[in-house]
Amino acid sequence: MQVVKYNFQKHGDDRGMLIALEELKDFPFEIKRVYYMYDTVAGVRRGFHAHKQLQQILIAVHGRCVIHLDNGTETEEVVLDKPYEGLYISNDMWREMYDFSPDAVLMVLASEYYDESDYIRDYDEFLEYVKNSTKQ
Ligand code: TYD
């Protein structure tokens, strides 16, 4: 599986670091929504879904976590532990998030508003969905 991880430009000087992200320039979609997870309880694994349309960029702005990606045929475990790295997740991709450090803040830039009808929460349904979408 080809994992798309962006290495964002760092603006650093003797005062510290700064990252600036611009839609369609630093990643390939317009942002409709931003959300973030923090105080994730130790041992928790979350996500367990795919999206029909939604594209996302995941950034561990603080701390560390691991993302499990599954495109229906291959899987990949991606460590996020750098605030200047962004993991791109396309639609049609099953994802789970785990191994959150106690200080982890996982920020997500999303291409769509929150829409429950865009979720595929059943793994077998996901496998059917990708099988049918690659047929066309
Ligand atoms: P949930 O989908 O369970 O998170 P995860 O995919 O990480 O397991 O979302 C947790 C709660 O937050 C759930 O009640 C829905 C709500 N929520 C929103 O209201 N807006 C959002 O953009 C997101 C992602 C979740």
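The protein, seen here as a predicted model, has one helix and twelve strands. From the N terminus on, the order of elements is β-β-β-β-β-β-β-β-β-β-β-β-α, with the helix following the strands. The radius of gyration is 15 Å, close to the 14 Å that the globule rule gives for 136 residues, so the protein is as compact as a globular protein of that length. Along its principal axes, the C-alpha trace spans about 55 × 35 × 25 Å.

Buried residues account for 35% of the 136 residues. Of the contacts between residues at least 6 apart in sequence, 76% join residues at least 24 apart.

**Pockets**

The two pockets can be set side by side.

| Pocket | Volume | Lining by class | Strands supplying at least two lining residues each |
|---|---|---|---|
| Largest | about 200 Å³ | six nonpolar, four polar, three charged | β4 (33–37), β5, β6 (56–62), β10 (94–98) |
| Second largest | about 170 Å³ | eight nonpolar, no polar, one charged | β3 (16–19), β6 |

The largest pocket is lined by 13 residues. Those nearest its centre are Tyr35, Met37, Arg46, His49 and Met97. Strand β5 gives the most to this lining, with four residues.

The second largest pocket is lined by Lys10, Met17, Ile19, Leu21, Ile59, Val61, Pro83, Tyr84 and Met107. By class, one residue of this lining is charged and eight are nonpolar. Strand β6 supplies at least two residues to the lining of the largest pocket and at least two to that of the second largest pocket.

**His51**

Strand β5 covers residues 46–51, and His51 lies in it. Is His51 buried or exposed? The relative accessibility of His51 is 2%, and the cut-off for buried is under 20%, so His51 counts as buried.

The side chain of His51 is joined to that of Asp118 by a polar contact of 3.0 Å. Which residues does His51 contact, leaving aside its neighbours within four places in sequence? They are Asn91, Asp92, Met93, Arg95, Asp118 and Tyr119. Asp118 therefore appears both in this contact list and as the polar partner of His51 at 3.0 Å, under a polar-contact cut-off of 3.5 Å.

Conventions:
Residues numbered from 1 in each chain as written. Predicted model: local features only at pLDDT ≥ 70, side-chain atom pairs only at ≥ 80, totals over all residues. Heavy atoms only, no water. Buried < 20%, exposed > 50% of the residue type's maximum accessible area, 1.4 Å probe, protein only. Polar contact = N/O pair within 3.5 Å; in protein donor to acceptor, adjacent residues only side chain to side chain. Contact = heavy atoms within 4.5 Å. 1 Å grid on protein atoms, 1.4 Å probe; cavity = no way out; pocket = protein on both sides within 12 Å on 5 of 7 lines; lining within 4 Å. Points joined across faces, edges and corners; volume = space filled by probe spheres on them. Nonpolar A, V, L, I, M, F, W, Y, C, P; charged D, E, K, R; others polar. Rg over C-alpha atoms; globule rule 2.2 N^0.38 Å.
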